Amino acid sequence: VSVLCSDKTGTLTSGCMTATDIVTHADGFATCRCTENEWAAPVQNASVLSLAQCGILNNSSKPNREGVMAGSPTEVAIMEACTRVFGDDRMQYQEQNPQVFEIPFNSETKWMLTIHADGLRPGAFRMVLKGAPERVLAMCTRVLNESSTVELSDQRRGEINTHLHKLMSGGRRVLCFAEMRLDGYADDFVFEGSSPEKCNFPMAGFTWVGLIGLEDPPKEGVKDAIAVLDDA
């Protein structure tokens, strides 16, 4: 036997996804470890706070009867990490920015879009895009820089890809987040469409917000099992 194939998720790995790294821009790109000490409330960096907002809004995980977040391991991991920024304010923030429209993730587009009404500003909506970095980045023209934005130049695009490849080379699964603010719409505007070509709202010119890297650690005993196979 020269080649042995195995399922990875839940077989070689623990199946317990954890958000480990984030990349945001605040007068330069920076990577931060998602630990209790380094990414926890109160957050002073507005770019990190915006990324946490996006991770909370564009998320399909829901609390179960015991109040524990349930759903896909990826969605739960993102929600748990972002909740560390908000703490007890997370549910209030979701209620203030209710979801009014969604384009679910699919294997062709490789992204998921949610639109949320701004409870504090009539006629204002926030679109949050999450998905494969290369697909989301291609739909962006600006980069969030704390409370303002800067042009997504070729240099900045290259820097984002450098951070992305570094995370991926470390075994991380990486998701990219972007947003767009819509103003001047009727409060009862009906959003429609299932793809960029069919939407009745803009789907180009997003602002890049950040990257979240996730890790599914190896299951206990896997390293020894592979060593045994290697010696056989």
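User: Which backbone nitrogen lies 2.9 Å from a polar atom of the side chain of Asp118?

Analyst: Keep in mind that this is a predicted model. Asp118 lies in the loop between strand 6 and strand 7. A polar atom of its side chain lies 2.9 Å from a backbone nitrogen, and that nitrogen belongs to Leu120.

User: Is Asp118 buried or exposed?

Analyst: Leaving aside its neighbours within four places in sequence, Asp118 is in contact with Gln96, Asn97, Ala124 and Phe125. The cut-off for buried is under 20% relative accessible area. Asp118 comes in at 18%, so it counts as buried.

User: How many disulfides does the structure hold?

Analyst: Take Cys54, which is buried with a relative accessible area of 0%. The cysteine sulfur closest to its own is in Cys82, 8.7 Å away. A disulfide needs the two sulfur atoms within 2.5 Å, so that pair is too far apart for a bond. For the whole structure, the number of disulfides is 0.

User: How many of the residues of helix 1 are buried?

Analyst: Helix 1 covers residues 46–57 and has 12 residues. The buried ones include Leu51, Cys54 and Ile56, along with Ser47 and Gln53. Helix 1 is mostly covered, and the number of buried residues is 10 of 12.

User: Which residue caps the N-terminal end of helix 1?

Analyst: Look for a side-chain oxygen 2.8 Å from the backbone nitrogen of Ser47. Ser47 is itself one of the buried residues of helix 1. The residue that supplies the capping oxygen is Asn45.

User: How far apart are the end C-alpha atoms of helix 5?

Analyst: Helix 5 runs over residues 154–169. At 1.5 Å a residue, its 16 residues should span 22 Å. The model agrees with that, as the end C-alpha atoms are separated by 22 Å.

User: Within what arc do the buried residues of helix 5 fall?

Analyst: In helix 5, Ile160, Leu164 and Leu167 are buried. Seen down the helix axis, the buried residues line one face, because they fall within an arc of 60 degrees.

User: Which exposed residues sit on the face of helix 5 turned away from its buried side?

Analyst: Start with the buried side: its residues pack against strand 1, strand 2, helix 4, strand 10 and strand 11. The face turned away from that side carries exposed residues instead. They are Asp154, Gln155, Thr162, Lys166 and Ser169.

User: Which element gives the most residues to the largest nonpolar core?

Analyst: That core has 33 residues, and Leu113, Phe201, Phe206 and Trp208 touch the most other members. Several elements each supply at least two residues, including strand 6, helix 5 and strand 11. The one that gives the most, with 5 residues, is strand 10.

User: How many residues are in the other core that lies apart from it?

Analyst: In soluble globular proteins, nonpolar side chains tend to be buried together. Here, this other core has Leu51, Val85, Phe86 and Ile212 among its members. Its number of residues is 28.

User: What is Phe201 in contact with, leaving aside its neighbours within four places in sequence?

Analyst: Phe201 is one of the residues that touch the most other members of the largest nonpolar core. Another of those residues, Leu113, turns up among its contacts too. The full list is Phe101, Leu113, Ile115, Met127, Tyr185, Phe191 and Glu192.

User: Is Cys199 buried or exposed?

Analyst: Cys199 is found in the loop between strand 10 and strand 11. Beyond its neighbours within four places in sequence, it is in contact with Ile103, Glu192, Gly193 and Ser194. Its relative accessible area is 13%, so it is buried.

User: What phi does Lys110 take?

Analyst: Lys110 sits in the loop between strand 5 and strand 6 and counts as partly exposed at 33% relative accessibility. Although it is not a glycine, its phi is positive, at about 65 degrees.

User: And what about the phi of Glu146?

Analyst: Glu146 lies in the loop between strand 8 and strand 9. It is partly exposed, with a relative accessible area of 28%. Glu146 is not a glycine either, yet it has a positive phi of about 60 degrees.

Technical notes. Residues numbered from 1 in each chain as written. Predicted model: local features only at pLDDT ≥ 70, side-chain atom pairs only at ≥ 80, totals over all residues. Heavy atoms only, no water. Buried < 20%, exposed > 50% of the residue type's maximum accessible area, 1.4 Å probe, protein only. Core = buried A, V, L, I, M, F, W, Y, C linked by side-chain atoms within 4.5 Å. Helix = DSSP H or I, 4+ residues; strand = E, 2+ residues; numbered from the N terminus. Contact = heavy atoms within 4.5 Å. Polar contact = N/O pair within 3.5 Å; in protein donor to acceptor, adjacent residues only side chain to side chain. Expected span 1.5 Å × (residues − 1). Arc of directions from axis to C-beta.
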